[in-house]
Protein chains: 2
Amino acid sequence: MTKTDKWYRLSGPEGDVVLSTRIRLARNLNGLPFPAYMTVEQKESVVQKVRAALPQSPKLTLLELRNTQRIDALSMVERHLISPDFSRCADGTAVVLSDDESVSIMLCEEDHLRLQIMRPGLQLTEAFAAADELDTQLDEQLHFAFDDRLGYLTQCPTNLGNGMRASLMLHLPALEESGSIRQLANTVSKLGLTIRGCYGEGSRSEGHIYQLSNQVTLGITEQEAMDNLQNFAMQIVREERAARRKLAQDMRYQDNIWRALGILRYARSLSHQELLELTSHLRVGLSTEVLKGVAFTGDDLNALINDTQPATMMMLARQELEPVERDTARAVTVRERLAE
Amino acid sequence: MTKTDKWYRLSGPEGDVVLSTRIRLARNLNGLPFPAYMTVEQKESVVQKVRAALPQSPKLTLLELRNTQRIDALSMVERHLISPDFSRCADGTAVVLSDDESVSIMLCEEDHLRLQIMRPGLQLTEAFAAADELDTQLDEQLHFAFDDRLGYLTQCPTNLGNGMRASLMLHLPALEESGSIRQLANTVSKLGLTIRGCYGEGSRSEGHIYQLSNQVTLGITEQEAMDNLQNFAMQIVREERAARRKLAQDMRYQDNIWRALGILRYARSLSHQELLELTSHLRVGLSTEVLKGVAFTGDDLNALINDTQPATMMMLARQELEPVERDTARAVTVRERLAE
């Protein structure tokens, strides 16, 4: 596993504001209860069926969660490959991953299959095309439960219909600073969209990162849902950029940006929360060209944020670390990666 | 006026804790009211008498305050050459300075003469010797008012007796951090000493800098007062050093020290108050060897703190600067002086 082959180390369109695109499809097999009502044996049978149905390309690897180290599972949560709840339900469950981690399929989470495709930047069309192709390949073998009136059958009624959730991870420091973010939250619900913190429902925004996704799945095609999301996202991108240009005129904000770099380059202890806050300033500095003469890019920041998450750090270091040790080790990594 | 010839750019004994030593003598001429009750003409006559009595060595320059620019006068306050009140009373008053600013004499402040000798570090004996020599030279010409029972006559009864105030500027971040400073304040009064903020009575401590001085002047010789001060100061020095060594073991405090350096090297705007707070951490870092591989010394910090005081900055820049402009210019100076 080299550092360069992961999807989140690559740049994407509108990457100054849209950090990543995610398409998630909820699918279920016919003739079996939903996972919440399944025995371990029934879950294992789903895993076996899916294993047999996996396409040759892209190359996919199936990991049974019971054979996965706790730290590796927690790191997968941090990398948004599996959900927090799923990481705690190891019996009979499994996850399918592509080498670049742009494809993941949770087996026997809330639904039998949760297909996920990730792309850097704003790439709804590309991500959906990849999801659709994988869905079609699997459907040929597995024959997903589908109802002419309700669409794809899912455990939770809110996923009925196309069963698709398209999400964009947005970095909105300037709209947060200007207070426009609250207004935005009111607008999105009228458009059948929802906005929330970066770890999904109920989570707080950390480092000014928000997740924008479609709310409505029934009575709407995937394309309509994505067009809706794309249009609104581009409006937010334009607003965020305008707000950043304004913010970058402010001497105090410029000062904040440079101080953030100073702290990152000198601190001997850093929590991941603080790293998110400080790198948020650096992103604005890079995109507004306040930060000049630095060697790192927004992609480097993405990789840094990923690699210094608590469980991911321990996975990469191949050892358990106490929180204090992590904060120290994180500061070392940050100093190395952001060196002059 | 070169940068290297000022007393405060030189190192002194115990300079890691004792920033400077000051001896001040209050003296008055016979046959004249105290300055508070003098006419401008009477004040001018005092200035003339002192001008005629100034010794050849050390070379001293007399400046009439009415001929002094407002910014220069404010800068003299910042450099502790004159008092804040004195800077506002220009009519008939004057100040006598040596080139290195280690000697200053305020004429017609609270008393007719306020002689002051400054030295870097803990140098009570040396500073008093210089003060005593100048006092003797002036007394031969001016015949200071002296009473066998009350000693030197001064406007304020608290200065009667030897008329001497010996003060030490102490940097006590570790004793402040540990909370011992409050206990210290209780102890000093029992010893006939007083401790307060660095700009004298009623002023707050900035950057963990405190002024320790003798309180009692009547019925005690200068030597007794200084011995008392010296002994107690050395006790504080030992306690502060021990507390710093303990503090320097603390990973969080080490982190603070490095962050302070990061902010100073990267900030685009710095208030003088913040500069004092941050350089306070650097001093501890230098004296405990937490900060390694840096080119600057404690003396450089002393000079930096001096040169970036609001009025002193404007005096050196030879222009008026708004507070925001000063904060920006200060950050530029700090980045230059503390560069890697």
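**Notebook: the A/B pair and its salt bridges**

Started at the axis: of the residues of chain A, I find that G262(A) comes closest to the rotation axis, its C-alpha at 2.1 Å. Note to self that this is a predicted model.

**Symmetry.** I looked up how the chains superpose. A rotation of 180° with 0.0 Å of shift along its axis puts chain A on chain B, RMSD 0.0 Å. The two copies are thus related as by a two-fold rotation axis. I also checked which surface each copy uses: 100% of the interface residues of chain A are interface residues in chain B as well, so the copies meet through the same surface.

**Interface.** I get 16 residues of chain A in contact with 16 residues of chain B. The area buried between the two chains is about 1,600 Å², and carbon and sulfur atoms give 60% of that. On the chain A side, R259(A), Y266(A) and R268(A) lose the most area to chain B, together 44% of what that side buries.

Then I went for the polar side of things. Between chain A and chain B I have 10 residue pairs in polar contact. Helix 8 of chain A (residues 251-266) supplies the largest share of the side that touches chain B, with 9 residues. By type, that side of chain A divides into 7 nonpolar, 3 polar and 6 charged residues. The salt bridge count across the interface is 2. I looked at a pair bridging the chains: R259(B) meets E274(A), N to O at 2.7 Å.

**Salt bridges within the chains.** Over all chains I have 45 salt bridges. I picked a few.

R51(A) bridges to E64(A), with the closest N and O atoms 3.3 Å apart. That links helix 1 (residues 40-53) to strand 2 (residues 60-64) of chain A, the partners being 13 residues apart. Buried or exposed? I get partly exposed for R51(A), at 37% relative accessible area, and partly exposed for E64(A), at 23%.

R337(A) and D307(A) pair up at 2.9 Å, N to O. Here helix 12 (residues 323-337) is linked to helix 10 (residues 298-307) of chain A, across 30 residues. R337(A) is partly exposed at 31%, whereas D307(A) counts as buried at 5%.

In chain B I checked D91(B) with R66(B), closest N and O atoms 3.9 Å apart. D91(B) sits in the loop between helix 3 and strand 3, R66(B) in the loop between strand 2 and helix 2, so the pair ties together parts 25 residues apart in sequence. D91(B) is partly exposed at 47%, and R66(B) is partly exposed at 36%. Back in chain A, I noted one network of salt bridges that share partners, joining E44(A), R51(A), E64(A), R66(A) and D91(A).

Methods: Residues are numbered from 1 along each chain as its sequence is written. Chains are lettered from A and ligands numbered from 1 in the order in which they are written. This is a predicted model: local features need pLDDT of at least 70, side-chain atom pairs count only at pLDDT 80 or more; totals for chains, interfaces and linings use all residues. Side-chain values use heavy atoms; hydrogens and water are left out. Contact means heavy atoms within 4.5 Å. Buried area is the accessible area (1.4 Å probe) that two parts lose on being put together, summed over both. A salt bridge is a side-chain nitrogen of Lys or Arg within 4 Å of a carboxyl oxygen of Asp or Glu. A polar contact is a pair of N or O atoms within 3.5 Å; within protein, one must be able to donate a hydrogen and the other to accept it, and residues adjacent in sequence count only if both atoms are side-chain atoms. Helices (H or I, at least four residues) and strands (E, at least two) are DSSP runs, numbered from the N terminus. Ala, Val, Leu, Ile, Met, Phe, Trp, Tyr, Cys and Pro count as nonpolar, Asp, Glu, Lys and Arg as charged, and the others, Gly among them, as polar. Copies are superposed by least squares on the C-alpha atoms of residues with pLDDT of at least 70 in both. Buried means under 20% relative accessible area, exposed over 50%, partly exposed in between (1.4 Å probe, protein chains only).
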